[in-house]
Amino acid sequence: MSTLAHVFEAAGLSTIVFSSTRDVAHRMRPPRNLHCEFPLGRPLGKPGDAEFQTDVIRRGLALLDATESVFVDHPEVLEADATPMACTIPHRIDPNL
């Protein structure tokens with residue numbers, strides 16, 4: 001995502017990266033980065049918590065005002081739990097595929 005951010009920025013589009021791996025984000029140096037210490041696969045945090053997810057998006061959008069490269073940490077850290085990953089695509093089990 002960070003590479004695409006640089007490509008889009010070069011084309012004149014403002015970008016925000018929601019990173020979940022700090023060392024990769026630091027190496028790639030996206031123009032605007034909100035680092036979210038959330039379990040992988042949950043870029044907006046708590047599943048089913050629209051209020052929390054909206055807060056994450058708002059914090060990211062607030063970075064659009066930055067005129068120079070910025071790396072901000074989301075204030076809340078979420079630990080992995082037993083909540084299964086959700087996917088809106090139905091399972092398709094076909095051994096012939």
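Let me start with aromatic pairs. In this predicted model, a search of the whole structure turns up 1 aromatic pair. The partners are Phe-38 and Phe-52, with ring centres 5.7 Å apart. Their planes stand at 55°, so we call the pair tilted. Edge-to-face would need planes over 60 degrees apart.

Where do Phe-38 and Phe-52 sit in the chain? Phe-38 is in the loop between strand 2 and helix 3, and Phe-52 is in helix 3 itself, residues 50-62. They are 14 residues apart, and the pair links distant parts of the chain. Both Phe-38 and Phe-52 are buried.

Now widen the view to the core. Which residues make up the largest nonpolar core? There are 7: Leu-34, Cys-36, Phe-38, Phe-52, Val-56, Leu-63 and Leu-78. So both rings of the aromatic pair belong to this core. As background, nonpolar side chains in soluble globular proteins tend to be buried together.

Take Leu-78 from that core. Leaving aside residues up to four places away in sequence, Leu-78 touches Glu-37, Phe-38, Pro-39, Gly-45, Lys-46 and Phe-52. Both aromatic partners, Phe-38 and Phe-52, are on that contact list. Keep Lys-46 in mind too; it is also on the list, and it comes back shortly.

Next, the sheet. 3 strands form an open sheet, order 1-2-3, with parallel pairing. Strand 1, residues 17-19, and strand 3, residues 70-73, are at the edges. Each has a single partner strand, so one side of each is left without a neighbour in the sheet. On average, neighbouring strands here are turned by 20° against each other, direction ignored.

Look at strands 1 and 2. Strand 2 covers residues 32-35, and it pairs with strand 1 in the parallel sense over 3 bridges. One bridge to look at: Ser-19 has His-35 in strand 2 as its partner.

Just ahead of strand 2 there is a backbone detail. Arg-29 is not a glycine, yet its phi is positive, about 50°. Arg-29 lies in the loop between helix 2, residues 22-28, and strand 2. Is Arg-29 buried or exposed? Its relative accessibility is 60%, so Arg-29 counts as exposed.

On to charges. How many salt bridges does the structure hold? It holds 5. I'll show three.

First on my list is Arg-32 with Glu-9, at 2.5 Å, N to O. Arg-32 is in strand 2 and Glu-9 is in helix 1, residues 2-10. That pair links distant parts of the chain, 23 residues apart. Arg-32 counts as buried, because its relative accessibility is 9% and the cut-off is under 20%. Glu-9 is partly exposed, at 23%.

Now back to Lys-46. Glu-76 forms a salt bridge with Lys-46, and the closest N and O atoms are 3.4 Å apart. Glu-76 is in the segment after strand 3; Lys-46 is in the loop between strand 2 and helix 3. This pair also links distant parts of the chain, at 30 residues apart. Glu-76 is partly exposed at 30%, and Lys-46 is partly exposed at 29%.

The last one I'll show stays within one helix. Asp-55 and Arg-59 form a salt bridge, closest N and O atoms 2.8 Å apart. Both lie in helix 3, 4 residues apart, about one turn of the helix. Asp-55 has a relative accessible area of 28%, so it is partly exposed. Arg-59 is at 35%, also partly exposed.

Key: Residues numbered from 1 in each chain as written. Predicted model: local features only at pLDDT ≥ 70, side-chain atom pairs only at ≥ 80, totals over all residues. Heavy atoms only, no water. Pairing = 2+ DSSP bridges. Helix = DSSP H or I, 4+ residues; strand = E, 2+ residues; numbered from the N terminus. Axes fitted to C-alpha atoms, helices over the stretch in contact; angles between N-to-C directions. Buried < 20%, exposed > 50% of the residue type's maximum accessible area, 1.4 Å probe, protein only. Core = buried A, V, L, I, M, F, W, Y, C linked by side-chain atoms within 4.5 Å. Contact = heavy atoms within 4.5 Å. Phe/Tyr/Trp six-rings, centres within 6.5 Å; stacked < 30°, edge-to-face > 60°. Salt bridge = Lys/Arg side-chain N within 4 Å of Asp/Glu carboxyl O.
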